Amino acid sequence: MEVSSNENHEYWMRLAIEEAHKAQSIGEVPIGAIIVRNGEIVGRGYNLRETTHDATAHAEMIAIREASERIGAWRLLDCTLYVTLEPCPMCAGAIVQGRVPLVVYGTPDPKAGCAGTLMNLLQEPRFNHRTELIEGVLREECGSLLSDFFRELRLRLKERKALLKASEAGLTAQQAEHIEQAEAEDVDIALSELDQFPPK
């Protein structure tokens with residue numbers, strides 16, 4: 001039975017999601033990427049910014065480096081990059097520089113997306129290479145990974161803040177929770193910088 005193109009993209013995106021789960025398991029923002037060439041994965045990556053203290057350690061960058069090393073060339077011709085989140089400016093630039101012909105992404109990035117949301121660097125006509133795009137493959141699943149991650153992060157930070165207040169003021173955890181609820185609005189504003197994706 002022949003697999004349709006859309007089913008094929010979903011298959012590979014699920015493998016990118018597996019990479020995102022690896023990031024999540026070590027406390028990183030869950031973003032994953034794979035690069036496929038002739039039906040074979042030649043590069044994998046997941047977000048490692050916090051772990052490596054490296055602003056360039058995005059999933060796509062790691063996958064691009066691995067694929068280039070494996071192929072033995074910087075031009076990633078005949079490759080498709082699958083990524084759970086729309087590429088940022090840095091990753092979009094690397095994709096163009098690497099001559100990747102096709103990018104498939106899951107969910108848009110409203111704060112840094114450069115594959116059509118804020119701008120489209122992958123199809124900028126003034127560049128000497130343009131990349132084909134397919135967006136929204138397993139969008140809900142990719143988006144939920146991020147929304148759930150940030151929701152849990154908010155809860156952990158609020159709990160930590162409540163415990164700190166309780167220990168400083170000699171309050172019980174229940175009393176601290178009451179104070180925390182009263183200040184929830186202020187806390188949400190402070191935490192908004194962390195949240196690329198609002199909770200559902």
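Leaving aside neighbours within four places in sequence, which residues is Glu19 in contact with? Point 3 takes this up.

1. **Model and overall make-up.** This is a predicted model. The protein chain has seven helices and five strands. From the N terminus on, the elements run α-β-β-α-α-β-α-β-β-α-α-α. Of the 200 residues, 43% count as buried. The chain exposes about 11,100 Å². Carbon and sulfur atoms supply 52% of that area. Among contacts between residues at least 6 apart in sequence, 59% join residues at least 24 apart.

2. **The sheet.** Five strands form an open sheet with mixed pairing. Their order is β2-β1-β3-β4-β5. β2 (40–46) and β5 (132–135) stand at the edges, and each has a single partner strand, so one side of each is left without a neighbour in the sheet. Neighbouring strands are turned by 15 degrees against each other on average, direction ignored. As background, strands of a sheet pair through backbone hydrogen bonds, either parallel or antiparallel.

3. **Glu19.** This residue lies in helix α1 (residues 5–25). Glu19 counts as buried because its relative accessibility is 2%, and the cut-off for buried is under 20%. Now the opening question. With neighbours within four places in sequence left aside, Glu19 is in contact with Gly32, Ala33, Ile34, Arg44, Gly45 and Tyr46. Two of these partners, Ile34 and Arg44, return in the next point: Ile34 stands opposite Arg44 in β2.

4. **β1 and its two partners.** β1 and β2 pair in the antiparallel sense over six bridges. The two strands form a hairpin with two residues between them. Asn38, in the turn, has a positive phi of about 50 degrees. Strand β1 (residues 32–37) is also joined to strand β3 (residues 79–85), by five bridges. β1 and β3 run antiparallel. Val36 stands opposite Thr80 in β3.

5. **Helix α3 over the sheet.** Helix α3 (residues 59–71) lies across β1, β2 and β3. The helix runs at about 145 degrees to β2. α3 also appears in the cover of α4, described in point 8.

6. **The annotated site.** UniProt, in an unreviewed entry, places the feature "binding site" at His58, Cys88 and Cys91. These residues span 34 residues in sequence, yet no two of their C-alpha atoms are more than 9.2 Å apart, so they gather at one spot.

7. **Surroundings of His58 and Cys88.** Are these two residues buried or exposed? His58 is buried, with a relative accessible area of 15%. Cys88 is buried as well, at 10%. His58 lies in the loop between α2 (49–52) and α3. Cys88 sits in the loop between β3 and α4 (89–97). Leaving aside neighbours within four places in sequence, His58 is in contact with Asn47, Arg49, Cys88, Met90 and Cys91. The other two annotated positions are thus among the contacts of His58. Not counting residues up to four places away in sequence, Cys88 touches His58, Glu60, Ala112 and Cys114.

8. **Helix α4.** Which residues of α4 are buried? They are Cys91, Ala92, Ala94, Ile95 and Val96. Cys91 is also one of the positions in the UniProt annotation. What covers the buried residues of α4 includes α3, β3 and β4 (102–107). After α4 comes Arg99, whose phi is positive, near 60 degrees.

9. **Aromatic pairs.** How many aromatic pairs are there? The count comes to two. Tyr11 and Trp12 form an edge-to-face pair, 4.9 Å centre to centre, with 70 degrees between the planes. Tyr11 is partly exposed, with a relative accessible area of 47%. Trp12 is buried, with a relative accessible area of 10%. The rings of Phe149 and Phe150 have centres 5.3 Å apart and planes at 80 degrees, so this pair is edge-to-face. Both Phe149 and Phe150 are buried.

Notes: Residues are numbered from 1 along each chain as its sequence is written. This is a predicted model: local features need pLDDT of at least 70, side-chain atom pairs count only at pLDDT 80 or more; totals for chains, interfaces and linings use all residues. Side-chain values use heavy atoms; hydrogens and water are left out. Two strands pair if DSSP finds at least two bridges between them. Helices (H or I, at least four residues) and strands (E, at least two) are DSSP runs, numbered from the N terminus. Axes are lines fitted to C-alpha atoms, for helices over the stretch in contact, and angles run from 0 to 180 degrees between N-to-C directions. Contact means heavy atoms within 4.5 Å. Buried means under 20% relative accessible area, exposed over 50%, partly exposed in between (1.4 Å probe, protein chains only). Rings of Phe, Tyr and Trp (its six-membered ring) pair if their centres lie within 6.5 Å; planes under 30 degrees apart count as stacked, over 60 as edge-to-face and the rest as tilted. Accessible areas come from the Shrake-Rupley method with a 1.4 Å probe; for residues, only the protein chains shown count as cover. UniProt positions are given in the numbering used here, feature names are shortened, and annotations may be inferred rather than shown by experiment.
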